[in-house]
Amino acid sequence: MVMDVRKCKGTHDLLPEDMVRFRRIEGAFNSCCSRWGYREVRTPLIEYLHLFTSVGTLTPDMLSRVYSFLDWDGWSGERVVLRPEGTIPVARLYVDNLGTGGPERLFYVGNTFIFDETGEKSRERWQCGAELIGGSNPEADAELVLLAADVLKRLKCGTVQMKLSHAGIVRGLIEAIGLGQGDEIEVLDRVLNGDIGVLREVADKEPQLHDLLSHLLDGRGKSASFLKNVKAAVLDVLPGIEASMNNFIRIAELLDVTGCDYEINLSSARGFEYYTGFIFQLYIGERKVGSGGRYDALIPLVGGGDIPACGFALYMGQLMEVMDNGGFDKAPESRVLLRCADDTVRGYKACFDVAMLLRQRGYVAEFDLGDMELSRYGWLILLSDSKTGATFVLIDCDSGKELGLGSLDEVFEMMEKAKCS
Amino acid sequence: MQLRLALPKGGLLAETKILLETSGFDVHHYGDGSRSYRPECKNLPGLSLKVFHEKDIPIQVAIGNYDLGICGLDWVRELTVKYPSSALVELRDLGYGKHDLCVASSGLSGISSLSELKDYDGDIRLASEYPHMAESFAMKLRLKKFRIFPVWGAAESYPPENAEAVLVSCSPAKGGLLDSGLISLVHVLSSGACLIANRDSWERKDVSPLLNLFSDGDTVGVSRNGEDGLEAVSDSSHFPVSVPLRSDSGVVRLALPDGHQQKPTVELLERAGFDVREYTAGMVRPDIGIDYLDVKVIRPQDMPLQVANGNFDMAITGTDWLREHRYRFPSSPVKEILNLGFGKVRIVAVVARDVPVSNANELRKLLRDGELPSIRVVSEYVAIADRYAGDKRLSPYRMIPSWGASEAFLPEDADLLIENTETGRTIARHNLKIIDTLFESSACLIGNVDSLAECNKVDKADSVVEAIRHSLHNVR
């Protein structure tokens, strides 16, 4: 009986052409981060559930969709999870291993798992993340925005729109609205789950808040000046947000002087479970390809000292959707297929030797196993060809032109010449 | 049209039977001492009925084996809180089997309100027969560090020593919290018997002939008070009892079984010279006359896990449950100390009588030959059954965990049953046959090798073990 083997619902296979794009993103990210002074880390795929509940920053909705289970030694009831996100594990890694208080610039590439019952979204998501731990200055926030922009620019995958917000201002607003404690948690949970409209619902009940909310949530700005205007308009009603406003203005000024284009949109803040300050989101077209922000409370919650931090992540699945292969796959002219007429062990030995020399020169060399698709190769080399009697026959797969050659050096010479022309 | 209705055994059976009779169902062989799992409805020939353990009914209806089912709302929510996309529709509150679920603690643990639980500085152990609801509760309350102990029963026995809180039934009709000395911290769900439907059947199939028969009750929604699990209750049910919280140092903690293993356990302990008192049904803390022994009654199924996690040092359970535990947790510190000889059963593999196989190899051949597309394995012993199906290469197979009355699943809802039997008579009566014996099980004394090696416990534990060993030799 044929076995019915399928992949799990909500998961994706990455095929060779997907991996080309995947590695291209990873390569650009690694190389940019390294040049900006970030060092790569990797955390385990499984962590204790406790790590994520103890920080108290993930919403119950998010936690209820975490893949958790009892390990083989889980008789104590301590559950483990497939990591649902990347930042908290890196915060733990920092506290466990590096937490001396000095600034650390870290980056990672990893997958995260979260259940999605519709099956439309992927339950496994890959992301590239960078974390700047130990820097509280607005310059650190600006650095991350510019680093993310640098990576995306290098990937040449389209125009990037950047939306900026500030969790300190949104939280200040929720506090100022003055809900009861239970309601406040519920409103915050809804905002965290992406439903910023709940603030408007609240404002509808209190007409005096209406103007204030429209300034804060509906306004869109393109420079620090916009924030200065909003600050002047709302500060007498919301004095509590002054520090957050000043912080936001400073970051916007830094981005202004570097020529970075952005849109200030306070209602773009969503899913900011652990963010405490500046937040940014990156879009290509309608697709959100990354987000980041400041999470000063996280390192203390994980058990480290009072150490501020900020970071961002790029969503590889989304980025792969907006990228083409960009010619990064090995070009056909560098791919060589070897076919040996002499099927003795000696004949294959010669073939292996030629393949090794080709690889040393940077070619991709493969043996013909029969029925190989010639259009995938630049060259076909026949060894010990009985028809022509030549030691090597070099065939240009594109034109079909054949050339009998006596030595390997002549073969290389012809191939190099073709490359130059 | 053929319609399938799943009916509960156990606590809801008597009132469900009355409901069916008064609603005009001419039902035979349901209750009345009948051991059949297939009652018949004489006036609705297109209706097939099956009796299950209440907890299995929402799953059976959700996966589409039954169009409709009757069970407690608590078991429906226990499924849907973890698997919200389960294909279930809650149709009607049937008006009986009412009880409330609440999260409770012992006042002696220093937790007497929801806010104290939330702010508790330490690891919160939550024991419950409803582990999914307990986990959801913990997450909604944003407890920082918690562990859920899923238990087969007797959750109310756990606080304060073995759990900080429990999610339990707290209605007076079910014994209430009074006897167990618990304080209700928060009301989680008002439960009662309800009628549920498979969503697909509800959307595509005409089930109205059945629904018309059920007398109009309230809709289920009416009684959903506090279903979000965070409705604080007053402390009117505050009945602290004077269980002394003992210092743990040097005390050996022994768990004794409830249920049918209770009587032989009493006899064994008395033969061993212990003065056994207050070890009767419903009593949580028997006294066996030794001051360094702390004794509690819990379900035998739960004992290996509770000994492994350090809640108890020793327990009397069955080798079946010990093996189930060790298959699940191979490096567990729980070991068998003594085989006690009583409570002998065989753990067997069972199929329907008309399946043309007499052993596991022949069953595998049916799979290989394509006679069976896959094997559905039902059992209360999930890890043992899983291991058996794997060892016998009965692939592909699917595990169906069950909470009792597992014979009812064969042949319609499962193909292979892993079950215990004393004489094999029950199996034969349900038109089933044994095709393999996995192992023999009997009562045993188990212990946590790490905790028993502690220097202030080792001598005391040894003397208990020796007394029991001696009594076994005397019998032999």
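**The contact between chain A and chain B, and selected side-chain pairs**

Chain A and chain B together bury about 2200 Å², and carbon and sulfur atoms account for 57% of that area. I should say at the outset that this is a predicted model.

Let me begin with the interface. The contact draws on 26 residues of chain A and 29 residues of chain B. Between the two chains there are five residue pairs in polar contact, with both residues at pLDDT 80 or more. Which elements of chain A each supply at least two residues of the side that touches chain B? They are helix H2 (49-54), helix H3 (60-63), strand E3 (68-70) and helix H7 (181-192). The most is given by H2(A), with four residues. Sorted by class, this side of chain A consists of nine nonpolar, 11 polar and six charged residues.

How many salt bridges does the rule find across the interface of chain A and chain B? It finds two. A salt bridge joins A:Glu78 to B:Lys145, with 3.9 Å between the closest N and O atoms. The cut-off for a salt bridge is 4 Å, and the distance in this pair is 3.9 Å.

I turn now to salt bridges in general. Over all chains the structure holds 41 of them, and I shall take three examples from chain B.

The first example is B:Lys17 with B:Glu21, whose side chains meet at 3.0 Å, N to O. Both residues lie in helix H1 (residues 13-22) of chain B; they are four residues apart, so about one helical turn separates them. Are these two residues buried or exposed? B:Lys17 is buried, its relative accessible area being 15%, whereas B:Glu21 is partly exposed at 42%.

The second example is the salt bridge of B:Lys82 and B:Glu135, where the closest N and O atoms are 3.4 Å apart. This pair links distant parts of the chain, 53 residues apart: B:Lys82 is in the loop between helix H3 (73-80) and strand E6 (88-93) of chain B, and B:Glu135 is in helix H5 (residues 131-140) of chain B. B:Lys82 is partly exposed, with a relative accessible area of 27%. B:Glu135, by contrast, counts as buried at 7%.

The third example is B:Arg277 with B:Asp275, a salt bridge of 2.6 Å, N to O. Here B:Arg277 is partly exposed at 48% relative accessible area, and B:Asp275 is likewise partly exposed at 37%.

Chain B also contains a network of salt bridges, which links B:Arg38, B:Lys50, B:Glu412 and B:Asp413.

Finally, the aromatic side chains. The count comes to 14 aromatic pairs over all chains. One of them is formed by A:Phe29 and A:Phe107, which are edge-to-face, with 5.7 Å from centre to centre and 80 degrees between the planes. Why does this pair tie together parts that are 78 residues apart in sequence? The reason is that A:Phe29 belongs to helix H1 (residues 16-35) of chain A, while A:Phe107 belongs to strand E5 (residues 104-113) of chain A. Both A:Phe29 and A:Phe107 are buried. These two residues also take part in a cluster linked by ring pairs, together with A:Phe248, A:Phe278, A:Phe280 and A:Phe312.

To close, I return to the interface: the contact of chain A and chain B buries about 2200 Å², and two salt bridges cross it.

Definitions and conventions:
Residues numbered from 1 in each chain as written. Chains lettered and ligands numbered in written order. Predicted model: local features only at pLDDT ≥ 70, side-chain atom pairs only at ≥ 80, totals over all residues. Heavy atoms only, no water. Contact = heavy atoms within 4.5 Å. Buried area = accessible area lost by both parts, 1.4 Å probe. Polar contact = N/O pair within 3.5 Å; in protein donor to acceptor, adjacent residues only side chain to side chain. Nonpolar A, V, L, I, M, F, W, Y, C, P; charged D, E, K, R; others polar. Phe/Tyr/Trp six-rings, centres within 6.5 Å; stacked < 30°, edge-to-face > 60°. Buried < 20%, exposed > 50% of the residue type's maximum accessible area, 1.4 Å probe, protein only.
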